[in-house]
Amino acid sequence: MMPRMIDLPQKLVVEIFKRVPITSLKAVRSTCKTWEAITKSWVVLGAAARHEFLLGFVKMNNKVYSLRYHHQGDVSVQQVDWPNQLEISSMVYNCDGLLLCVAKDLSKLLVWNPYLCQSRWIGPRGESFKASDICVVGPVISVFRCEIYEMSSSDSSWRVLEEGKPEWEIDVHQRGASVNGNTYFFAHDRFDDIEPDADGSIPVDGVEDFLLCFDFTKERFGPRLPLPFHSYNEDCVTLSSFLRGDDDEQLAALFGGCESDFFEIWVTLSVEPNHVSWTKFLVVETGGPIFTRLNFKLSTYFGGSFFVDEENKVAVVFERVSYISISAPPPSQHTAFVFGQAGYIQSVNLGQALKLQHFSPYSGKHCQALLPPLVCSSSFRPTLVQVS
């Protein structure tokens with residue numbers, strides 16, 4: 001008689017579930033009450049599985065895809081059914097295994113727990129959110145720099161934070177990265193507070209850039225923290241988070257000069273709301289013929305999202321690529337570039353990039369645009385946090 005799944009030892013069933021995509025757990029739970037109980041009482045993606053592959057999510061063409069990265073350099077994506085009933089403007093990951101999605105029409109937010117297959121819709125305090133809002137998810141949801149939504153409170157309503165005008169600003173394309181329950185941002189001096197040159201231009205050397213932490217416990221930003229580089233207005237700067245070992249969450253920063261033939265990635269040795277120390281992780285020279293062939297270029301404002309695999313000394317950068325052709329130009333492609341030591345590089349095609357309508361927070365107008373992929377930083381860690 002052939003053995004049945006129901007006859008398998010629970011330990012073996014859990015090992016099987018470790019290989020099930022996190023977005024397929026809803027189907028698993030609907031199979032029988034035993035499997036539902038196992039998957040809801042166990043956080044099945046344990047430390048051992050993270051040594052084999054990383055899980056995450058990426059936004060492409062206004063849709064959400066699950067991401068799986070194997071340490072051999074293989075990157076694969078799969079569109080998920082939920083929350084793709086909604087066209088996504090932006091997506092911010094991660095705090096305690098939750099994803100925060102912003103509707104394309106800015107009418108609502110979606111908080112999603114992929115592990116528990118739970119979600120919650122959240123409306124704005126006024127008529128709608130703004131394209132310039134910077135939203136993050138933590139123990140509460142914050143729309144910087146003015147409002148907080150407390151999901152755990154009895155009334156679950158927006159609360160206005162009383163803060164004066166800061167002496168810094170966070171550009172609207174900067175998403176930040178969550179580390180140990182707090183969110184870190186790349187920020188700089190306010191341009192309107194800087195004395196212009198005689199010709200009316202802003203002296204770029206006079207603009208200080210730095211790291212800021214929003215402390216959800218204190219509900220305020222901490223002091224300015226140093227960065228290991230100095231950037232200018234057209235440079236690409238993005239942040240990501242990663243796990244060192246099994247549970248030591250750290251921060252990573254990518255910096256690419258707009259007129260330079262290299263980019264570099266730094267990682268923190270330690271990071272706290274009022275302290276940070278850095279070490280260089282990877283430098284990639286982008287001026288060689290292989291980069292010309294791959295047509296790799298960091299997008300200034302919306303590109304350069306990435307994650308790092310510190311243990312294997314690898315970084316994966318997500319960009320949109322338009323290949324040069326003597327015939328009709330091929331469509332632009334979403335691409336993951338895997339960079340390693342000693343000049344190692346591999347490109348993985350993730351699918352066609354579609355030209356879609358977007359609302360530009362800079363011009364305040366709708367426009368057709370091809371945007372690069374936006375990866376959620378850090379490896380996904382399932383959570384039992386209730387959101388519904």
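In the protein chain of this predicted model, residues 24 or more positions apart account for 51% of the contacts with a separation of 6 or more. The secondary structure of the chain comprises 5 helices and 27 strands. Of its 388 residues, 51% count as buried. The accessible surface of the chain comes to about 18400 Å², and carbon and sulfur atoms hold 51% of that surface.

The end of the chain gives an example of residues that are distant in sequence but meet in space. Val387 lies in the segment after β27, a strand that spans residues 374–375. Although Val387 and Gln118 are 269 residues apart along the chain, their C-alpha atoms are separated by 6.3 Å. Once its neighbours within four places in sequence are left aside, Val387 is in contact with Leu98, Val111, Asn113, Gln118, Ser119 and Arg120. Val387 counts as buried because its relative accessible area is 1%, and the limit for a buried residue is under 20%.

Val160 offers a second case, with a shorter separation in sequence. This residue belongs to strand β11, which covers residues 158–160. Val160 and Ile148 are 12 residues apart in sequence, and the distance between their C-alpha atoms is 6.4 Å. Val160 has a relative accessibility of 39% and therefore counts as partly exposed.

Loops may also contain buried residues. Gln174 is placed in the loop between β12 (168–169) and β13 (177–179). With a relative accessible area of 6%, Gln174 is buried. What does the side chain of Gln174 reach at 2.9 Å? The partner is the backbone oxygen of Val237.

Two further loop residues deserve attention for their backbone angles. Most residues other than glycine have a negative phi. Glu219, which is not a glycine, nevertheless has a positive phi of about 55°. Glu219 is located in the loop between β15 (209–215) and β16 (220–221), and its relative accessibility of 24% makes it partly exposed. Lys313 likewise has a positive phi of about 55° without being a glycine. Lys313 is found in the loop between β21 (305–309) and β22. At 45% relative accessibility, Lys313 also counts as partly exposed.

Strand β22 leads to the next topic, a pocket. The second largest pocket holds about 410 Å³ of space. Its lining consists of 23 residues, and those closest to its centre are Ser260, Thr286, Phe296, Lys297 and Leu298. Which elements each supply at least two residues of this lining? They are β19 (262–272), α5 (289–294) and β22 (314–321). The largest share, 3 residues, comes from β22.

The cysteines form the last topic. A disulfide is a covalent bond between the sulfur atoms of two cysteines. How many disulfides does a search of the whole structure find? The search finds 0. Are Cys101 and Cys213 buried or exposed? Cys101 counts as buried because its relative accessibility is 0%. Cys213, at 0% relative accessibility, is buried as well.

Definitions and conventions:
Residues numbered from 1 in each chain as written. Predicted model: local features only at pLDDT ≥ 70, side-chain atom pairs only at ≥ 80, totals over all residues. Heavy atoms only, no water. Helix = DSSP H or I, 4+ residues; strand = E, 2+ residues; numbered from the N terminus. Buried < 20%, exposed > 50% of the residue type's maximum accessible area, 1.4 Å probe, protein only. Disulfide = S-S within 2.5 Å. Polar contact = N/O pair within 3.5 Å; in protein donor to acceptor, adjacent residues only side chain to side chain. Contact = heavy atoms within 4.5 Å. Areas by Shrake-Rupley, 256 points an atom, 1.4 Å probe, with all protein chains shown as cover. 1 Å grid on protein atoms, 1.4 Å probe; cavity = no way out; pocket = protein on both sides within 12 Å on 5 of 7 lines; lining within 4 Å. Points joined across faces, edges and corners; volume = space filled by probe spheres on them.
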